[in-house]
Every structure is written in structure tokens, then in C-alpha cells.
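Let's take a walk through this protein together, one piece at a time. Keep the 3D view open and follow along as each part comes up.

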Amino acid sequence: MYGRRLLVAVILVGVLMGLMQTLSQKIIYQWKIETTQRNAEDRFLGYIKSVRRTLQRFDYLPFLVTKDDTSVKYLKGQEERYQELQAQLITLDKAANTRGWYLLNTKGQIKLSSVDNQRLGSHITKQITEKVLLNSGAVSHVVGSSDYLVAAPLYDGSEIIGVIVVQADLNMLIEQWFSKGEAILAHQASSSLFLSSDTLFSSSWFEGYFTHGSFSEYQTLYDGTRIEMWQIKAERYLVQSVLLDDLDWRLVYLTPLASLNQTVLWTSWSSVFIGLMIFLLVVVSRQRKQKIAAYQKMQEWIKASEHRLSQMINKTHVGLILADSQGQIKVMNPMAKRYFSLSESMIRNIRVWQLFENGSSDTTILSLLKNLNTLSYLIDLNQVETLGQRSDGSLFPVILSVNALSWSDERLYLCTIIDISKRKRAELALKQTNQLLQYKVEERTLELESAHQELVESSKMAALGRMSSAIVHELNQPLTGMKTLFSTNKLLLEKGAIDQVKDNTVLAVTLIERMISMTRQLKSFAFQRLEAPSSVNFRDALHEVLTIFQLKLEHVEFNIDIEAGVNSVLGEEARLRQVLGNLLSNAIDAVADVKSPSISIQVIDRIDQVEFKISDNGVGVDDDKLESIFEPFYTTKKIGEGLGLGLAISANNTRDMQGKLTASHNYPSGMVFILTMSKSDK
């Protein structure tokens with residue numbers, strides 16, 4: 001039996017080790033390949049920067065000679081400059097670490113060089129010269145070698161008379177970069193340039209790769225990065241490739257993965273072994289610690305329970321007292337001590353009933369607390385209100401509850417005490433507040449009733465004053481007209497114009513009748529509104545109003561325009577005359593202090609309505625007061641010249657006749673009042 005268990009354990013351990021090795025190998029491989037990828041990218045970027053810096057340095061070398069007049073003079077025929085110019089080119093060649101400097105004429109012939117054995121063929125020099133003359137580039141390459149040619153034109157004024165060519169060896173770009181196993185490849189398709197830091201990779205092999213790519217494969221890492229790898233013979237490489245568009249160069253950086261795979265394998269097995277050892281140690285120590293932990297956990301649980309119980313008792317906001325059957329206090333929480341003002345030493349000498357003995361008038365509670373051992377079957381007090389007694393003898397109201405508990409082999413009693421002093425004070429304060437509030441309400445009610453009576457009396461007097469003012473205001477207009485007519489009659493009698501006197505007398509009688517009608521209207525206005533408007537000849541009403549104000553209009557530029565076909569409106573004759581008279585009177589008063597006073601009346605036919613438009617160029621009113629001019633007692637006149645009832649009465653009369661009265665500014669000055677009435681068919 002033991003052998004079988006051992007065999008099963010060995011098999012499980014073997015399976016576990018295999019799974020752990022596979023999982024750890026994948027994780028470590030991903031981590032290592034990501035690290036290799038990042039390092040390769042950093043090295044590759046550094047190499048690209050180095051290539052660009054080196055090539056840029058080569059690009060500027062020919063211009064060191066083009067700025068010198070010696071080469072120009074030599075090409076123009078001064079042969080004595082040969083030794084001086086050649087020495088200069090040799091010096092520049094050594095300083096720049098290049099393979100040769102050449103001076104060409106415009107036909108591509110080498111006139112002078114820094115090397116004895118000239119390495120450039122005539123076809124290369126002619127090709128470079130043609131590029132320079134056509135301004136189509138000054139860079140070339142010697143096929144089958146690593147030579148890199150940079151050229152620049154030599155000017156005599158604005159004419160090209162020659163070409164300076166610098167020959168450099170690009171092997172320096174790869175000699176300083178490759179490390180063990182790594183390879184740097186550079187290829188320029190247009191010039192068949194190919195550089196390699198490893199002899200394993202040739203130009204023909206490189207062309208074959210980009211034509212077929214049969215040995216490349218791709219992998220996707222956990223973070224989503226897609227990497228390319230080459231399998232060349234027995235070696236695997238991580239590939240970094242970039243195309244430099246400005247140079248037409250393709251650079252490839254190859255990182256061998258053989259050491260990475262060995263590291264992954266060794267690390268994965270090491271982690272499996274370490275993990276297995278840790279697992280065994282954990283299993284062994286776990287068995288030992290479980291017993292210790294179980295015992296400690298039990299002790300901690302007991303202590304935590306006691307601590308929680310103690311916290312609950314000490315932090316509760318009610319008093320708790322635990323007493324035995326003899327009334328001896330066993331435990332008293334801090335809140336109960338605070339209630340009764342007791343110290344720890346005082347508790348040992350006090351029985352539970354003594355906390356309520358002198359303060360409680362309920363003898364039943366005292367008897368129960370004194371005889372807990374004999375009356376235990378009756379113990380079931382729940383929220384009984386009584387009085388407690390502090391150590392200084394002062395009393396305070398409490399709610400008491402008593403419940404029996406079984407504690408081990410002993411029977412104990414839990415007394416719960418709640419101090420209700422604040423509640424009692426609040427109840428008393430609330431009762432006093434309610435009584436005071438009731439008194440205030442009654443007092444305020446009497447004040448409001450008295451104020452209401454005074455307001456009613458004041459309203460009656462105000463209404464009487466407004467009515468008296470309205471009557472006086474409305475009677476003043478016909479009285480003023482009669483005064484004017486009688487004054488005119490006196491002059492006409494002196495002149496003997498009897499006919500005109502008769503006409504004025506008839507008009508005076510009409511005004512008297514109007515006053516009689518007005519008093520009748522006031523009487524009916526007080527008790528009855530206009531039930532329905534009737535047909536009124538507005539021309540007669542307007543004529544009467546103009547006759548009354550004819551003297552006041554003598555010094556005013558007055559215009560009246562009545563459209564043809566408009567005769568009658570729906571309204572009430574007395575009210576219409578009153579409204580027109582008030583509007584014309586207000587216009588006359590508004591232009592009294594104007595240099596060139598002007599008033600115009602337009603009667604416009606609006607199909608179903610008639611519009612009376614009365615305009616003046618008077619003083620007008622402010623914008624913020626425009627909405628208030630139809631309110632009673634609003635006036636812009638001086639004290640004693642008006643009570644501000646005219647427009648209010650006019651607005652009320654217009655509403656009674658089912659019309660509309662509006663006011664607006666007459667720019668640049670003055671006011672425009674528009675009275676809109678419904679047209680009558682009669």
C-alpha cells in the first residue's frame with residue numbers, strides 16, 4: 001500500500017514538474033525575447049544614427065576644396081599649382097581617413113589625385129561628372145566594392161569648370177558595430193551596394209532573400225508585438241529591418257537566438273527545481289504551522305469576542321448593570337457610572353436597589369429589586385419610568401428594564417437604564433413654548449382683526465376720495481368749455497354778433513346736458529357696467545371735443561386726417577367723448593412749453609376696426625414710466641394741475657367699450673396714443 005502511494009506521489013510530482021517546466025519555459029521565453037527585441041531595437045537605432053552621421057560627414061568633404069582658388073587656377077592653366085594642389089589633396093585624404101581625392105575636368109578626365117595608383121575608371125568619372133553637370137546628384141558607388149563616391153562642382157564665377165570627387169570606404173560602418181554572432185547588412189538596390197559584417201551573408205544571398213524570403217517566420221508576443229525571425233542552416237536570428245528612403249538603403253540587423261534558447265532552457269529548469277523545493281518546504285512547514293495557527297486562532301477569537309463584548313458594553317449610550325440575586329453589583333458600564341456619579345470603589349459597597357431607593361415612589365420596583373432571589377419568576381420589567389439617585393443625592397428621571405440571564409451556573413440580572421432628563425426638559429420646554437405660542441397667536445389675531453377694521457375704514461375713505469377726484473376731474477372739462485363760451489358771448493354781444501351768441505348758447509346747453517349725462521353715467525358706473533357696446537357716430541363726438549378745445553388749439557399746429565368711409569364705431573357715446581377729450585387734453589398740456597407745438601389726429605380704417613391715432617411733440621414720459629401712465633393717480637403734471645385719473649378713466653372706459661388703448665413714444669419727442677375700436681356696420 002505504501003509503495004503504491006509513493007508511486008502515485010512520484011508520478012504526480014513528475015507530471016507537475018513537466019507542467020511547471022513547460023509553463024515557466026514559455027513565460028521566460030516571452031520575457032527574454034521581449035528583452036532581446038527591445039535591446040536590438042535600441043542598438044539598431046544607434047547604428048542607423050551612426051550611418052547617417054558618417055554619410056553626412058562625407059557629403060561635406062568635397063566643399064573643402066571647392067572653396068579654394070588653387071584648384072580653379074590649376075584647371076585654368078596654371079600648371080605650377082600642381083604640386084601645391086596635390087599636397088593639399090593628400091593632406092585632406094589623410095585627415096578625413098578616405099581612400100582618395102580627385103580633381104576632374106568637365107569631360108570627366110582625372111587632372112590630379114591624392115593617390116599614385118588611381119582607382120577610378122573613366123566610366124565612373126564620366127558618370128559622376130554628368131550627374132554634377134546635370135545637377136542630378138553627386139553620390140555614386142563602385143560596383144563590387146565598398147567604395148562610396150561623393151562629388152561637388154568647382155565654379156569659376158557662375159561656370160562649372162571641374163568636379164571634386166572624394167572616395168571613401170564604407171566598411172568602417174560595419175567594422176565597429178557587430179558583436180559576437182550579430183550581423184549588420186546594408187544594401188542599395190540602385191547601385192548594387194552591399195555591406196555585410198559577416199561573410200555568411202553575401203550580396204547574391206541577400207537578393208535571394210528579398211525575392212523569395214523562404215526562410216523567414218513570424219511570431220506574436222503576449223503584448224501584441226509581431227517579430228520576424230530567420231532560420232539559416234542551424235542558426236535562428238531575430239531580424240530588425242528598415243528602409244532609408246532618402247538614401248535608398250535597406251539596413252538589416254540580425255541577432256542570434258542560440259544563447260537565448262539555452263538561457264531559457266536552463267532558467268526554466270532552475271525555476272522548476274526551485275519551485276519544487278519551495279513547494280516541499282511549504283508542505284512540510286504548513287503541517288507544523290496549522291496546529292499552531294489553529295490554537296492561536298482560537299485564542300485570538302476568544303480575545304476578540306471578549307474585546308467586542310467589552311467594547312459594546314463600554315461604548316453603548318445606555319447604562320448597564322449586572323447584579324446577582326442578592327442585589328450585589330457585579331459589572332457596571334461607564335455610562336451607568338456616569339449616570340449615578342459613582343467610582344469603581346463605591347460600586348462594591350452599593351446594592352442595586354439603593355440606586356432607586358430614595359428617589360422612586362414606586363414601591364413595587366423597590367420590592368422587586370430587593371427580592372430578586374425570591375421573586376425571580378416575576379422578573380420581566382420593560383421600560384418602566386422611575387427616578388434614579390446620584391451619589392450626591394440629586395434625582396433624575398430614567399427608564400428601567402430588568403431581565404434575568406443564565407451565566408454559567410449562576411443566575412444574574414441585567415438592568416438597563418436610560419437617562420431621560422433631556423427628554424423631560426424638552427417636553428417641559430415644548431409645553432411652555434406651546435403655551436407661549438398660543439398666547440402669541442391670540443394676541444396677534446386681535447391685532448390683525450383691529451388692523452383689518454382700520455384697513456376697511458381706510459379703503460372706504462380712499463375709495464370716496466378717488467370717486468370725488470374723478471367727478472371733479474370729469475366735470476372740469478365741460479365747465480371750462482362753458483366758461484370759454486360765456487366769455488366769447490360777452491365779446492360777441494359787444495360786437496352785435498347775435499347769431500354766433502345763439503350758437504354758443506346752444507353749445508353751452510349741450511355741455512350742460514353732457515354734465516347731466518355724466519352724473520347719470522357716474523351713478524350707473526357705480527352700480528352697473530356697460531352691458532354691450534352700440535353704434536356711435538364718432539365724427540359727431542370728435543367734432544364736439546374739437547369745439548370745446550378750439551381756443552387752446554389756436555396756437556398749436558393741428559392736423560386731422562380721417563379716411564373716407566369710416567363713420568361709426570361700437571361703443572357708448574358719453575364714454576367715447578370722454579376718452580377723446582382726455583386724450584386731446586393731455587396732448588395740449590404736453591405741448592404747452594414746446595416752441596413749435598404740434599398735434600395730429602389720424603382716423604385709419606383697419607377693415608374690422610377703426611384706429612384713432614393722436615400724436616404730439618410734447619415732453620413725453622421716460623421709458624421706465626411708460627407702463628405706469630394708465631394707473632390711477634399717476635401724473636407728470638405739477639401739484640394742483642391734475643390728479644392722474646384721466647388716462648385711468650379713459651383706459652377703463654375703453655375696456656368697457658371692448659376697445660383697446662395703448663401708448664408709445666413719438667420719436668424724436670412726444671407721445672402717440674392709439675385708440676382701437678370695433679367698426680359698426682350702421
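Start with one small pairing: Asn-559 has Ser-600, in strand E20, as its bridge partner. Keep in mind as you look that this is a predicted model. That pair belongs to a bigger picture, since E18 and E20 run parallel and are joined by six bridges.

Now zoom out to the sheet. Five strands form an open sheet in the order E18-E20-E21-E23-E22, and the pairing is mixed. Look at its edges: strand E18 (557-562) and E22 have a single partner strand each, so one side of each is left without a neighbour in the sheet. On average, neighbouring strands here are turned by 15° against each other, if you ignore direction.

What packs on this sheet? Helix H14 does, touching E18, E20 and E21. The direction of H14 makes about 175° with that of E18. Helix H15 also belongs in this picture: H15 lies across E18, E20, E21, E22 and E23, and runs at about 20° to E21.

Next, the greasy part. In soluble globular proteins, nonpolar side chains tend to be buried together. In this model, the largest nonpolar core has 42 residues, and the ones touching the most other members are Leu-576, Leu-584, Ile-599, Phe-612 and Leu-675. Several elements give two or more residues to this core, including helix H12 (421-495), helix H14 (538-548), helix H15 (573-590) and strand E20 (598-606). Which element gives the largest share of this core? That's H15, with seven residues.

Zoom in on Leu-584 for a moment. Leaving aside residues up to four places away in sequence, Leu-584 touches Val-545, Leu-546, Phe-549, Leu-553, Phe-558, Ile-599 and Ile-601. Apart from this core lies another one, of 37 residues, with Leu-55, Val-72, Ile-164 and Met-229 among them.

Let's finish with Glu-611, which you'll find in strand E21. Is Glu-611 buried or exposed? Its relative accessibility is 14%, so Glu-611 counts as buried, because the cut-off for buried is under 20%. What does the side chain of Glu-611 make a polar contact with? The partner is the side chain of Arg-606, at 3.3 Å. Arg-606 also turns up among the residues that Glu-611 touches, along with Gln-602, Val-603, Ile-604, Ile-674, Leu-675 and Thr-676, again not counting residues up to four places away in sequence. You've met one of these before: Leu-675 is among the core residues that touch the most other members.

Methods: Residues numbered from 1 in each chain as written. Predicted model: local features only at pLDDT ≥ 70, side-chain atom pairs only at ≥ 80, totals over all residues. Heavy atoms only, no water. Core = buried A, V, L, I, M, F, W, Y, C linked by side-chain atoms within 4.5 Å. Buried < 20%, exposed > 50% of the residue type's maximum accessible area, 1.4 Å probe, protein only. Helix = DSSP H or I, 4+ residues; strand = E, 2+ residues; numbered from the N terminus. Contact = heavy atoms within 4.5 Å. Pairing = 2+ DSSP bridges. Axes fitted to C-alpha atoms, helices over the stretch in contact; angles between N-to-C directions. Polar contact = N/O pair within 3.5 Å; in protein donor to acceptor, adjacent residues only side chain to side chain.
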